[in-house]
Amino acid sequence: MSGPSPLRPVDAASVILIDRSDDRFRVLVGKRSSRHVFMPDVYVFPGGRRDPLDSRMPVHAPFHPAAFERLKQRTPVRTVPATLRGLGVAALRELREEAGVTVGSAVDGAPAGSHLFHPDLSRLRFVARAITPPGQVRRFDTRFFALFTDDAEIDPQTVHDSPELSDLRWIDIFQTLKVDMPAITISVLEELKTSLQQDPSLPFGGQAAFFMHRRGTFVRDLL
């Protein structure tokens, strides 16, 4: 008798919010709740799964064309542009829900306190992708987007904790990490460090690292 079928990865997205003031590069991380089944009590970037509604949400501005072309690499032919756009929407929706940061415009007539908004995808850089290996309680196909606070007119001091992410803090990626992070988060940070050293502007069409497991072996590829 054959065993259970492996879980298929679910689309997800994450935002690496970068504060490049004071001649430093600091990124926003927060601690996941102990109630989470997947990766509890570790520090991660804001993010989460793509909801079906994300792909249908109107946006304030689309992806930069070069970023979108890079995002399309190694995606199934059946993946429609709306689904890819939904990844950017998911990233910014999660940033709003988990850190109180809005990147986009308000929806006319939305009630006070509503999570409805039109996300602005135009400043997102696609920098990495990672697929959770088989055998985990949850599996995600996560796209990581970098966003400079000054590009999005975000005041770093306005971020705040949420039920999903607590102890939000800005960490200097070129200093020794002092928080507990998943191995994949550290790998993505290392890629970001290399990219920033090569070009601090992070060009929109720059290559993105692709992390996965192939025949039980951890593999780093490029998109």
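What share of the 223 residues in the chain is made up of buried residues? In this predicted model, buried residues make up 47% of the chain, and the legends below look at several places where such residues are found.

**Figure 1. Overview of the predicted chain and its helices and strands.** The chain contains 3 helices and 11 strands, and when these elements are read along the sequence they follow the pattern β-β-β-β-α-α-β-β-β-β-β-α-β-β. Among the contacts in the chain with a separation of 6 or more, 67% are accounted for by residues that stand 24 or more positions apart.

**Figure 2. The surroundings of S14 in strand β1.** S14 belongs to strand β1, which covers residues 10-19. S14 counts as buried because its relative accessibility is 6%, and the cut-off for this word is under 20%. The side chain of S14 reaches the backbone oxygen of P46, at a distance of 2.9 Å. When neighbours within four places in sequence are left aside, the residues in contact with S14 are F45, P46 and G47, then A91, and then T142, R143, F144 and F145.

**Figure 3. Aromatic pairs, with F25 and F174 and with F211 and F218.** A pair of aromatic rings is described by the distance of the centres and the angle of the planes. The count of aromatic pairs comes to 6. One of them joins F25 and F174, whose rings are 6.3 Å apart from centre to centre with 65° between the planes, an arrangement called edge-to-face. This pair links distant parts of the chain, since F25 is in the loop between β1 and β2 (26-32) while F174 is in the loop between β9 (165-172) and α3 (183-198), 149 residues apart. Are these two residues buried or partly exposed? F25 is buried, with a relative accessible area of 17%, whereas F174 counts as partly exposed at 36% relative accessibility. The rings of F211 and F218 form a stacked pair, because their centres are 5.7 Å apart and their planes meet at 5°, and the angle for a stacked pair has to be under 30 degrees. F211 counts as buried at 4% relative accessibility, and F218 counts as partly exposed at 43%. One aromatic cluster is formed by F63, F68, F126 and F145.

**Figure 4. F148 in strand β8 and the residues that touch it.** F148 lies in strand β8 and is buried, with a relative accessible area of 1%. The charged end of R20 sits over the ring of F148, 3.7 Å from the ring centre. Although F148 and I18 are 130 residues apart in sequence, their C-alpha atoms are 4.7 Å apart in space. Not counting residues up to four places away in sequence, F148 touches I18, R20, F25, R125, L196, P200, S201 and L202. R125 in turn lies over the face of F204, at 4.0 Å from the ring centre.

**Figure 5. S201 and helix α3.** S201 is found in the loop between α3 and β10 (209-214), and S201 is partly exposed, with a relative accessible area of 35%. The side chain of S201 makes a polar contact with the side chain of D199, at 2.7 Å. Which residues are in contact with S201, once neighbours within four places in sequence are left aside? They are R125 and F148, and the C-alpha atoms of S201 and F148, which are 53 residues apart along the chain, are separated by 9.3 Å. In α3 itself, the 16 residues should span 22 Å at 1.5 Å a residue, and the end C-alpha atoms are 23 Å apart, which agrees. The buried residues of α3 are T185, V188, L189, E191, L192, K193 and L196.

**Figure 6. Two separate nonpolar cores.** In soluble globular proteins, nonpolar side chains tend to be buried together. The largest nonpolar core has 37 residues, and those with the most contacts inside it are L17, L92, L95, V103, F145 and L147. The elements that give two or more residues to this core are β1, α1 (65-71), α2 (81-99), β8 (140-148), β9 and β10, and the largest share, 8 residues, comes from α2. V103 is in contact with L92, L95, F117, H118, P119, D120, L147, A152 and I154, leaving aside its neighbours within four places in sequence. A second, separate core has 24 residues, including I173, L196, L202 and A209.

Terms used. Residues are numbered from 1 along each chain as its sequence is written. This is a predicted model: local features need pLDDT of at least 70, side-chain atom pairs count only at pLDDT 80 or more; totals for chains, interfaces and linings use all residues. Side-chain values use heavy atoms; hydrogens and water are left out. Helices (H or I, at least four residues) and strands (E, at least two) are DSSP runs, numbered from the N terminus. Buried means under 20% relative accessible area, exposed over 50%, partly exposed in between (1.4 Å probe, protein chains only). A polar contact is a pair of N or O atoms within 3.5 Å; within protein, one must be able to donate a hydrogen and the other to accept it, and residues adjacent in sequence count only if both atoms are side-chain atoms. Contact means heavy atoms within 4.5 Å. Rings of Phe, Tyr and Trp (its six-membered ring) pair if their centres lie within 6.5 Å; planes under 30 degrees apart count as stacked, over 60 as edge-to-face and the rest as tilted. A charge sits over a ring if NZ of Lys or CZ of Arg is within 6 Å of the ring centre and within 35 degrees of the ring normal. The expected span of a helix is 1.5 Å times one less than its number of residues. A nonpolar core is a set of buried Ala, Val, Leu, Ile, Met, Phe, Trp, Tyr and Cys residues joined through side-chain atoms within 4.5 Å.
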